Amino acid sequence: MTATQGARILIVDDEPQIRKLLKVTLQAHQFEIHECADGEEAVIQASIVHPDLIVLDLGLPGISGMDVLQRIREWSQVPVIVLTAKDREEDKIAALDGGADDYVTKPFGMGELVARIRVALRHVAKTTDEPVLRFGPLKIDLAQRQVDLDGSPVKLTPTEYEMLKVLATHAGKIITQRQLLQQVWGGHHHESDSHYLRVYVGHLRKKLQEDPTRPRFIQTEPGIGYRFLLQD
């Protein structure tokens with residue numbers, strides 16, 4: 001038995017014939033197979049099954065394969081091999097820049113795909129990815145983009161959620177204003193936009209029921225940035 005046999009592989013493709021072909025062939029190579037046919041289900045299955053590798057089609061019903069890749073990359077570094085009929089160079093570049101580890105176009109040779117799967121599994125780094133973060137009464141489900149406080153959902157705007165995610169995934173560490181602006185707004189910001197941070201942090205604190213003078217979750221580091229506080 002090789003080191004890659006027995007690995008869990010999630011197949012995401014809306015073509016039943018492709019899923020059947022992959023399932024039969026990969027099971028013959030001693031892989032454990034899970035499958036789904038749409039993008040939303042793919043994100044859910046990835047968080048539940050914890051696959052060792054994902055074979056992902058780009059043209060999916062519901063959310064696209066690129067959106068699936070982006071959502072999964074928010075909390076996991078699981079190897080992703082894109083398997084798609086899209087063969088334009090710009091599609092390949094976008095997928096690889098978006099976090100895919102490999103790109104295979106249809107029609108494809110099954111032997112080559114299995115070899116690429118074995119290579120990706122050999123190179124995979126063992127991680128402790130956890131899609132759900134817990135800080136005392138606060139739970140952040142990164143796969144579902146769901147925030148709960150004391151068991152009740154907290155309604156956040158997309159920007160508020162992105163800020164909370166960045167801070168919480170670096171809990172205990174100082175995130176500078178510049179880092180926060182870059183990670184939440186990307187390249188579309190200026191240093192002078194730091195006043196937006198104060199506004200959004202203020203909104204977050206109210207929704208997390210924080211007293212700014214005695215913060216439970218988000219601590220201001222004057223002149224530097226913010227720190228998400230680890231809970232006792």
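Colleague: Is Asp91 buried or exposed in this predicted model, and why does it count that way?

Modeller: The general idea is to compare the relative accessible area with a cut-off, and buried means under 20%. Asp91 has a relative accessibility of 16%, so Asp91 counts as buried. This residue belongs to helix H4, which spans residues 89-97.

Colleague: Which residues does Asp91 touch, not counting residues up to four places away in sequence?

Modeller: With those sequence neighbours set aside, Asp91 touches Lys86 and Tyr103.

Colleague: Let us turn to the strands. How should I read the surroundings of strand S1?

Modeller: One may ask how many residues of a strand are buried. In strand S1, residues 8-12, this applies to 4 of the 5 residues, and S1 is therefore largely enclosed by the rest of the structure.

Colleague: In what sense does S1 pair with strand S2, and over how many bridges?

Modeller: S1 and S2, the latter covering residues 32-36, are paired in the parallel sense, with 5 bridges. As one point of reference, Arg8 stands opposite Glu32 in S2. Between these two strands the chain passes through helix H1, residues 16-28, and the resulting β-α-β crossover is right-handed.

Colleague: How many bridges link S1 with strand S3?

Modeller: S1 pairs with S3, residues 53-56, over 4 bridges, in the parallel sense. Here Val12 has Leu56 in S3 as its bridge partner.

Colleague: What is the order of the strands in the open sheet?

Modeller: The general idea is that in a regular strand the side chains alternate between the two faces of the sheet. In this structure, the open sheet has 5 strands with parallel pairing, and their order is S2-S1-S3-S4-S5. S2 and strand S5 (102-105) are the edge strands, each pairing on one side only. From one strand to the next, the twist averages 20°.

Colleague: Which strands of the sheet does H1 touch, and which does helix H5 touch?

Modeller: H1 packs on the sheet and touches S1, S2, S3 and strand S4 (80-84); the direction of H1 makes about 170° with that of S2. Helix H5, residues 110-123, also packs on the sheet, where H5 touches S1, S3, S4 and S5. The direction of H5 makes about 160° with that of S4.

Colleague: In what sense do strands S10 and S11 pair with strand S12?

Modeller: S10 (residues 174-176) pairs with S12 (residues 225-228) in the antiparallel sense over 3 bridges. S11 (residues 218-221) pairs with S12 in the antiparallel sense over 4 bridges. Tyr226 of S12 stands opposite Ile175, and Tyr226 is also the bridge partner of Thr220. The hairpin of S11 and S12 has 3 residues between the strands, and in this hairpin Gly223 takes a positive phi near 75°.

Colleague: How should I read the backbone geometry at Gln30, at Gln209 and at the bond from Lys106 to Pro107?

Modeller: Most residues other than glycine have a negative phi, and most peptide bonds are trans. Gln30, although not a glycine, has a positive phi of about 70°. Gln30 lies in the loop between H1 and S2 and is partly exposed, at a relative accessible area of 46%. Gln209 likewise is not a glycine and has a positive phi of about 55°. Its place is the loop between helix H8 (194-207) and S11, and Gln209 is exposed, with a relative accessible area of 56%. The peptide bond from Lys106 to Pro107 is cis, with omega near -5°, and Pro107 is in the loop between S5 and H5.

Technical notes: Residues are numbered from 1 along each chain as its sequence is written. This is a predicted model: local features need pLDDT of at least 70, side-chain atom pairs count only at pLDDT 80 or more; totals for chains, interfaces and linings use all residues. Side-chain values use heavy atoms; hydrogens and water are left out. Buried means under 20% relative accessible area, exposed over 50%, partly exposed in between (1.4 Å probe, protein chains only). Two strands pair if DSSP finds at least two bridges between them. A crossover is right-handed if, with the strands pointing away from the viewer, the path from the first strand over the helix to the second runs clockwise. Axes are lines fitted to C-alpha atoms, for helices over the stretch in contact, and angles run from 0 to 180 degrees between N-to-C directions. Contact means heavy atoms within 4.5 Å.
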